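Thanks for sharing this one. Here are some friendly notes on the charged side chains, in numbered points.

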Amino acid sequence: MKPQFLKMKFAFLVLGVAFVAAFGALVMWLWNALVPDLFGGPVIGFWQAAGLLVLCRILLGGFGGHGGHRGRWHQMTPEERERFRDGMRQWRAMSRDERREFRRGFRGGCTQGAETVREANDSPAK
């Protein structure tokens, strides 16, 4: 390997460790400044704060980098985008009853409670 590549790899490793340490310290400081006074929660240490960061990453898919909706739109081909736009035009042109019927076609993947919410959303505003 080239020496320049090894230097970059080492610098990336050092910056990664510094980044994790800084975020862990920030989480610990924010937690200890807010949670005990507001909610009567415990004071935490650095490793507990780092564990909270990992837990947030697992539960929430954390900290960006996955593209989101905008990323998906930009990855579509022009044909896929046009097909999506056509579908949205068709949806907007449907009446409430037509939308309700359309949704019933997908009922197998939805729970009974979700249907109640959908019908409430379709009812006229009060």
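1. A word on the source before the details: what you are looking at is a predicted model. The salt bridges in this structure number 5, and the points below go through some of them.

2. Let me begin with Glu82. Its partner Arg85 is reached through a salt bridge whose closest N and O atoms are 3.7 Å apart. That value is within the 4 Å cut-off, so the pair counts as a salt bridge. Both residues belong to helix 4 (residues 78-93), where a spacing of 3 residues puts Glu82 and Arg85 about one turn of the helix apart.

3. Glu82 also forms a salt bridge with Arg89, and here the closest N and O atoms are 3.4 Å apart.

4. How buried or exposed are these side chains? Glu82 has a relative accessibility of 34%, so it counts as partly exposed. Arg85, at 35%, is partly exposed too, and Arg89 is likewise partly exposed with 44%.

5. Moving on to helix 5 (residues 96-104), you will find Glu101 and Arg104 there, 3 residues apart and therefore separated by about one helical turn. Their side chains meet in a salt bridge with an N to O distance of 3.0 Å. Arg104 has a relative accessible area of 33%, which means that this residue is partly exposed.

6. Finally, a point on connectivity: Glu82, Arg85, Asp86 and Arg89 are joined into one network by salt bridges that share partners. Glu82 is one such shared partner, bridging to Arg85 and to Arg89.

Terms used:
Residues are numbered from 1 along each chain as its sequence is written. This is a predicted model: local features need pLDDT of at least 70, side-chain atom pairs count only at pLDDT 80 or more; totals for chains, interfaces and linings use all residues. Side-chain values use heavy atoms; hydrogens and water are left out. Helices (H or I, at least four residues) and strands (E, at least two) are DSSP runs, numbered from the N terminus. Buried means under 20% relative accessible area, exposed over 50%, partly exposed in between (1.4 Å probe, protein chains only).
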